[in-house]
Amino acid sequence: MARYILSQYRKYQTTDQQLCKAADEMHFRAKSYCEYLHNARRYREINTEFKGKGERTVGETANMVGFKMPHDPK
């Protein structure tokens, strides 16, 4: 995918001989794609961490989200 973005940059470079897309459009597309890749990676990390692994006890769920059970010392 990175090769695709680079090829699009090269394809629409500003030259005297050709018209190009709006000057900021390729920058916007590259930035959007970078954010997409970052968020897709983050999604996989979060999904792996919190994906259902069968039934959990209330205590396990509380520990997973950072709470303590009422009978646990604080």
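Arg42 and Glu45 sit three residues apart in helix 2, so about one helical turn separates them. In general, an α-helix has 3.6 residues a turn, so residues three or four places apart point the same way. Here the two side chains meet in a salt bridge, with 3.5 Å from N to O. That pair is what the count rests on: it comes to one salt bridge. Keep in mind that this is a predicted model.

How open are the two partners? Arg42 has 43% relative accessibility, and because partly exposed covers the range from 20% to 50%, that is where it lands. Glu45 is also at 43% relative accessibility, so it counts as partly exposed too.

**The overall layout**

Zooming out, the protein has three helices and zero strands, and reading along the sequence gives α-α-α. Helix 1 covers residues 2–11, helix 2 runs over residues 25–50, and helix 3 takes in residues 58–65.

Helix 2 has 26 residues. From its first C-alpha to its last it reaches 37 Å, close to the 38 Å expected at 1.5 Å a residue.

**What's inside and what's outside**

Of the 74 residues, 9% count as buried. Which residues of helix 2 are buried? Met26, Ala30 and Tyr33 are, and the buried residues of this helix pack against helix 1.

As for the outside, the accessible surface of the protein comes to about 7,000 Å², and carbon and sulfur atoms account for 56% of that. There's also a nonpolar patch on the surface, formed by Ile46, Phe50, Val65 and Phe67, with about 380 Å² of accessible area together. Val65, one of the patch members, belongs to helix 3. At 48% relative accessibility, Val65 falls short of the over 50% needed for exposed, so it counts as partly exposed.

Here are the three residues with their accessibility values side by side:

| Residue | Relative accessibility | Class |
|---|---|---|
| Arg42 | 43% | partly exposed |
| Glu45 | 43% | partly exposed |
| Val65 | 48% | partly exposed |

**How far to trust it**

The predictor's confidence averages a pLDDT of 78 over the protein, and 80% of the residues score at least 70. Where is confidence lowest, and where is it highest? Helix 1 has the lowest, at a mean of 77, while helix 2 has the highest, at 87. Helix 2 is also the one that holds the Arg42 and Glu45 pair.

Terms used: Residues numbered from 1 in each chain as written. Heavy atoms only, no water. Patch = residues over 30% accessible without salt bridge, like charges linked within 9 Å, V, L, I, M, F, W, Y side chains within 5 Å. Areas by Shrake-Rupley, 256 points an atom, 1.4 Å probe, with all protein chains shown as cover. Salt bridge = Lys/Arg side-chain N within 4 Å of Asp/Glu carboxyl O. Helix = DSSP H or I, 4+ residues; strand = E, 2+ residues; numbered from the N terminus. Buried < 20%, exposed > 50% of the residue type's maximum accessible area, 1.4 Å probe, protein only. Expected span 1.5 Å × (residues − 1). Contact = heavy atoms within 4.5 Å. pLDDT = per-residue confidence, 0-100.
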